[in-house]
Amino acid sequence: MNQAVPASPLTARRSGALTGRVRVPGDKSISLRSLILGALAVGETRITGMLEGEDAISTANAMKALGAFVERTGERAWRVRGVGVGGFAEPSAALDFGNSGTGCRLAMGAVAGCPIKVTFDGDASLRTRPMRRILDPLEKMGARTLEIREGGRLPVVMQGARDPMPIEYEAPVPSAQLKSAVLLAGLAAPGATTVIEKEATRDHTEKMLRHFGASLRVTHIGEHGRRITLEGQPELEAAPVVVPADPSSAAFPLVAALIVPGSEVVLEGVMLNPLRTGLYTTLREMGASIKMVEQRNEGGEDVADLRIRAGALKGVDVPAERAPIMIDEYPILAIAASFAEGVTRMRGLKELRVKESDRLEGTAAMLRANGVEVEIEGDDLIVNGKGRAAGGGVVATHMDHRIAMSALVMGLGSERDVSVDDAAFIATSFPGFIELMRGLGGDFS
Ligand code: S3P
């Protein structure tokens with residue numbers, strides 16, 4: 001755990017028009033859930049289009065250590081044979097989730113309903129992230145936290161519940177990871193487990209639970225909220241999973257195509273789940289040309305090919321209510337805002353402080369290092385776009401894949417080169433990013 005991997009610096013420079021048709025890797029949220037639910041189901045789950053990034057690999061290894069059979073059968077094709085709800089075995093060593101907050105937190109939920117003792121750990125980035133928000137409801141359901149580092153940080157030793165209890169839980173923060181952890185723990189509890197969210201977050205866990213045979217009721221509360229009730233102790237049955245292209249990964253070539261003059265790019269089969277597409281709404285408000293063609297349904301999700309053309313962008317006000325449906329996209333939106341004309345104010349970004357790094361500070365520092373006017377006011381990020389970025393900066397990525405990719409995209413359109421101190425973490429969510437961007441005409445060295 002936490003081995004020192006040598007940093008791998010990289011530089012992006014102003015490129016000619018980006019052109020071509022590409023497919024970004026499979027969705028991270030769906031890939032990780034297919035491994036975890038596959039491990040809890042009876043029978044063999046076949047996954048196609050799987051994200052073969054480090055976050056998925058560490059989650060797959062954790063599922064194996066808990067007793068599931070997990071095997072790669074071909075390119076992006078995996079199979080998982082599960083142990084049944086409540087059937088995880090006690091692993092002989094700590095589970096190392098590397099950089100993956102989602103893998104770790106969802107696995108905590110799944111383990112909480114099994115009478116086993118498990119140590120959860122991760123890399124230096126994951127060790128800075130808050131775990132109390134997950135453990136609080138899991139303790140109410142009967143799990144015990146035997147050890148935890150100061151500040152509610154990993155490593156955590158958890159004793160899962162022998163007789164898990166269902167709860168009704170109102171999430172204090174909008175977090176799909178928190179909601180998912182409670183629902184996964186609720187699988188092993190008798191009766192109904194309910195999560196109430198004031199602002200709806202991505203619903204992949206709910207959709208996949210249903211796909212595996214669980215019974216869920218979802219009702220809307222007001223304009224943005226939801227109440228989700230799961231009937232406990234279902235027979236989860238293996239079911240095939242087709243993973244669509246990740247809209248959060250598509251965001252990087254998409255914004256690159258918008259800001260590099262003359263570009264025209266097609267991104268194939270991108271998932272359009274409405275709880276993930278806030279970035280597309282925002283970019284269109286900024287004047288971006290994004291056409292959705294060949295709309296279809298793949299594996300239970302709407303997908304489309306996105307046709308993107310470079311063009312002028314203008315600053316906009318992004319409402320706080322939109323944050324949960326574009327939470328991972330603010331660093332790359334801030335790049336688009338730098339190349340826009342006028343002020344973009346992104347409101348309500350408190351949760352960005354607890355991502356793979358403090359993304360509010362990291363995004364502001366990335367822009368500042370490259371000559372863009374930026375301010376943080378409370379939880380808002382304000383970018384004063386001038387239609388261009390000077391570049392010339394070296395960006396500290398703080399083990400954060402999305403900061404690294406955002407900075408490199410910036411370099412493709414900036415007047416001077418943009419470098420990152422470490423591009424290695426890109427492999428957590430977007431293996432092959434540099435090769436894909438080079439294929440479109442991006443210049444990196
Ligand atoms: C995820 C939820 C989000 C997101 C993360 C993936 C998920 O985190 O940032 O990349 O798959 O459930 P939070 O639940 O902490 O907002």
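Begin with the largest nonpolar core of this predicted model, and select Leu254, Leu283, Ile335, Met346 and Phe433, which among its 76 residues touch the most other members. Adding helix α7, residues 247–259, brings in the element that gives the most to this core, with 9 residues. In soluble globular proteins, nonpolar side chains tend to be buried together.

Keep Ile335 selected and display its surroundings: apart from residues up to four places away in sequence, Ile335 touches Val255, Ile259, Met366, Leu367, Ser406, Val409 and Met410. A second core, separate from this one and made up of 65 residues, can be located by selecting Ile36, Leu183, Phe212 and Ala214, which are included in it.

Next, turn to the ligand and select the residues that surround it, namely Lys28, Ser29, Arg33, Thr102, Ser175, Ala176, Gln177, Arg202, Ile327, Asp328 and Lys355. Coloured by class, this shell shows 2 nonpolar, 4 polar and 5 charged residues.

For the individual distances, show the side chains of Ser29 and Arg33: an N or O atom in the side chain of Ser29 is 2.7 Å from an oxygen atom of the ligand, and an N or O atom in the side chain of Arg33 is likewise 2.7 Å from a ligand oxygen atom. At Gln177, display the backbone instead, where an N or O atom lies 2.9 Å from an oxygen atom of the ligand. On its own the ligand has 380 Å² of accessible area, of which the protein covers 96%. Two elements, α1 (28–40) and α5, give two or more residues to the shell, and the largest share, 3 residues, comes from α1.

Stay with Gln177, which has its place in helix α5, residues 176–186. Is Gln177 buried or exposed? Gln177 counts as buried because its relative accessibility is 13%, under the 20% cut-off. Leaving aside neighbours within four places in sequence, select its contacts, which are Gly101, Thr102, Arg105, Leu106 and Ile134.

From Ile134, move to helix α4, residues 132–140, where Arg133, Ile134, Leu135, Pro137 and Leu138 are buried. To see what these buried residues of α4 pack against, select α3 (101–112), β8 (144–149), β9 (153–159), β10 (168–170) and α5. The tour ends at Gly142, which follows α4 and has a positive phi, near 115°.

Notes: Residues numbered from 1 in each chain as written. Predicted model: local features only at pLDDT ≥ 70, side-chain atom pairs only at ≥ 80, totals over all residues. Heavy atoms only, no water. Core = buried A, V, L, I, M, F, W, Y, C linked by side-chain atoms within 4.5 Å. Buried < 20%, exposed > 50% of the residue type's maximum accessible area, 1.4 Å probe, protein only. Helix = DSSP H or I, 4+ residues; strand = E, 2+ residues; numbered from the N terminus. Contact = heavy atoms within 4.5 Å. Near = heavy atom within 4 Å. Polar contact = N/O pair within 3.5 Å; in protein donor to acceptor, adjacent residues only side chain to side chain. Areas by Shrake-Rupley, 256 points an atom, 1.4 Å probe, with all protein chains shown as cover. Nonpolar A, V, L, I, M, F, W, Y, C, P; charged D, E, K, R; others polar.
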